[in-house]
Amino acid sequence: MSYLQLSLLANVLLLMVIVGGVLYYFLRVRPRLNNAHAQQPDTKGMPTSLADALIDARSLMTADQRLYDRFIDLMVEKQIYRNLELNRAMICKMLNTNHTYLNEAIRLNAEGKSLNDIINSYRVQHAAVLFSEQPELPISEVMLQSGFSSRATFYRLFTKYTKMSPNEFRDRRPDKEQSGASIPQE
């Protein structure tokens, strides 16, 4: 083949690639762009209340964020952490999911906390509120009402989160509060 023939063949191939690309664009890509543009929501459907705005915000969340949000809703609204028998399987059943999805949602959204860390922080927070609001309650009653079934675990975790024992926390006077004590927030 001569140089002229090779040059002509290369130009024909280049022309075919260009024509193919243009056809692909007009037959495949452009209709999709037009459809996407036609499906843009209009501003008439904008949220009119805070509840509508929250519903819209939830629709923008990923599946794991929605699952984590539903888990936190259970913790806050239903106070499931107070159940002495609470376990991962029960939570998964309440959320209608499996443990793999729940673990992944917590891993991605809970800033390094595990399921047990979250449950225990809510339990300790609840115990601290009970000590503050009802100081006459025995420690064993506060422990049970907060979802702890083991006295040793209750003391260990309460001390870990508040930097003082349950006895010290209950007996502290408001005018002599220790600066190192804090109640875990979720």
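**View 1. D171 sits out in the open, next to a partly exposed partner.** D171 is exposed, at 53% relative accessible area. In this predicted model, the side chain of D171 forms a salt bridge with that of R170, at 3.7 Å from N to O. R170 has a relative accessibility of 23%, so this arginine counts as partly exposed. The model has two salt bridges in total; the next view shows E104 with R107.

**View 2. E104 and R107 pair up along helix α5.** Here the side chains meet at 2.7 Å, N to O, in a salt bridge. The two residues are three apart in α5, so about one helical turn lies between them. That fits the usual helix geometry: with 3.6 residues a turn, residues three or four places apart point the same way. And side chains of opposite charge can pair when their charged atoms come close. As for cover, R107 is exposed at 52%, while E104 is partly exposed at 35%.

**View 3. The largest nonpolar core draws on several helices.** This core has 20 residues, and the members that touch the most others are Y68, F71, M75, I91, L102, I106 and I118. Helices α3 (63–78), α4 (88–95), α5 (99–109) and α6 (115–133) each put in at least two residues. The largest share comes from α3, with six. Zoom in on M75: setting aside neighbours within four places in sequence, M75 is in contact with I80, Y81, I118, I119 and Y122. There's also a second, separate core of 16 residues, V124, A127, I139 and F154 among them.

**View 4. Helix α6 is mostly covered.** Of the 19 residues in α6, 14 are buried. From first C-alpha to last, α6 reaches 27 Å, close to the 27 Å you'd expect at 1.5 Å a residue. One residue to look for in α6 is H126. This histidine counts as buried because its relative accessibility is 12%, which is under the 20% cut-off. Not counting residues up to four places away in sequence, H126 touches Q79, Y81, R82, Q145 and S146.

**View 5. A nonpolar patch on the surface.** M1, L8, L9, V12, L13 and M16 make up this patch, and together they have about 650 Å² of accessible area. V12 belongs to helix α1, which covers residues 3–38. Is V12 buried, exposed or partly exposed? Its relative accessible area is 39%, so V12 is partly exposed.

Methods
Residues are numbered from 1 along each chain as its sequence is written. This is a predicted model: local features need pLDDT of at least 70, side-chain atom pairs count only at pLDDT 80 or more; totals for chains, interfaces and linings use all residues. Side-chain values use heavy atoms; hydrogens and water are left out. Patches are made of residues with over 30% relative accessible area and no salt bridge: like charges are joined within 9 Å, nonpolar side chains (Val, Leu, Ile, Met, Phe, Trp, Tyr) within 5 Å. Accessible areas come from the Shrake-Rupley method with a 1.4 Å probe; for residues, only the protein chains shown count as cover. A salt bridge is a side-chain nitrogen of Lys or Arg within 4 Å of a carboxyl oxygen of Asp or Glu. Helices (H or I, at least four residues) and strands (E, at least two) are DSSP runs, numbered from the N terminus. Buried means under 20% relative accessible area, exposed over 50%, partly exposed in between (1.4 Å probe, protein chains only). A nonpolar core is a set of buried Ala, Val, Leu, Ile, Met, Phe, Trp, Tyr and Cys residues joined through side-chain atoms within 4.5 Å. Contact means heavy atoms within 4.5 Å. The expected span of a helix is 1.5 Å times one less than its number of residues.
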